[in-house]
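Me: I have a new structure on my screen and would like to know how its labels were reached. Could you take me through the reasoning behind them?

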Amino acid sequence: MICVWCWHHIMDMAEKDDTEGRCPACRTPYNKEKIAGTALKCERLVAEMSVEKKQKSQKGKTKASEGRKHCGTAS
């Protein structure tokens, strides 16, 4: 089994390299007809990952700006 997002990533990379997508573990070529999953599930997964990445990025920026607040307050 492989998650749909990973499969799409592997197939996209293979297409760019003009090769066939292969399993990262055993290097067997994937059979596109046997892949079960829908594009909708993949799109939802990518959207969720994007939201998580943005939230992590915003948390990091907030912490950095909080540290700078105290830098110029020494009297």
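Me: Why is Asp-12 called partly exposed?

Reply: Happy to help! In this predicted model, Asp-12 has a relative accessible area of 44%. Buried would need under 20% and exposed over 50%, so Asp-12 falls in between and counts as partly exposed.

Me: Where does Asp-12 sit, and what does it gather with on the surface?

Reply: Asp-12 is part of helix α1, which covers residues 4–16. On the surface, Asp-12 joins Glu-15, Asp-17 and Asp-18 in a patch of negative charge.

Me: How do you know that Cys-6 is not in a disulfide?

Reply: The closest cysteine sulfur to that of Cys-6 belongs to Cys-3, at 3.2 Å. A disulfide needs the two sulfur atoms within 2.5 Å, so this pair is too far apart for a bond. Cys-6 itself is partly exposed, at 32% relative accessible area.

Me: And what about Cys-26?

Reply: The reasoning runs along similar lines. Its closest cysteine sulfur is in Cys-23, 3.7 Å away, which is too far for a bond. Searching the whole structure gives 0 disulfides.

Me: What makes Arg-22 and Glu-20 a salt bridge?

Reply: Their closest N and O atoms are 2.8 Å apart. The cut-off is within 4 Å, so the pair qualifies as a salt bridge. The count comes to 1 salt bridge by this rule.

Me: Are Arg-22 and Glu-20 buried, partly exposed or exposed?

Reply: Arg-22 has 30% relative accessibility, so it counts as partly exposed. Glu-20, at 44%, is partly exposed too.

Terms used
Residues are numbered from 1 along each chain as its sequence is written. This is a predicted model: local features need pLDDT of at least 70, side-chain atom pairs count only at pLDDT 80 or more; totals for chains, interfaces and linings use all residues. Side-chain values use heavy atoms; hydrogens and water are left out. Patches are made of residues with over 30% relative accessible area and no salt bridge: like charges are joined within 9 Å, nonpolar side chains (Val, Leu, Ile, Met, Phe, Trp, Tyr) within 5 Å. Accessible areas come from the Shrake-Rupley method with a 1.4 Å probe; for residues, only the protein chains shown count as cover. A salt bridge is a side-chain nitrogen of Lys or Arg within 4 Å of a carboxyl oxygen of Asp or Glu. Lys and Arg count as positive and Asp and Glu as negative; His and the chain ends are not counted. The place of a charge is taken as NZ of Lys, CZ of Arg, CG of Asp or CD of Glu. Helices (H or I, at least four residues) and strands (E, at least two) are DSSP runs, numbered from the N terminus. Buried means under 20% relative accessible area, exposed over 50%, partly exposed in between (1.4 Å probe, protein chains only).
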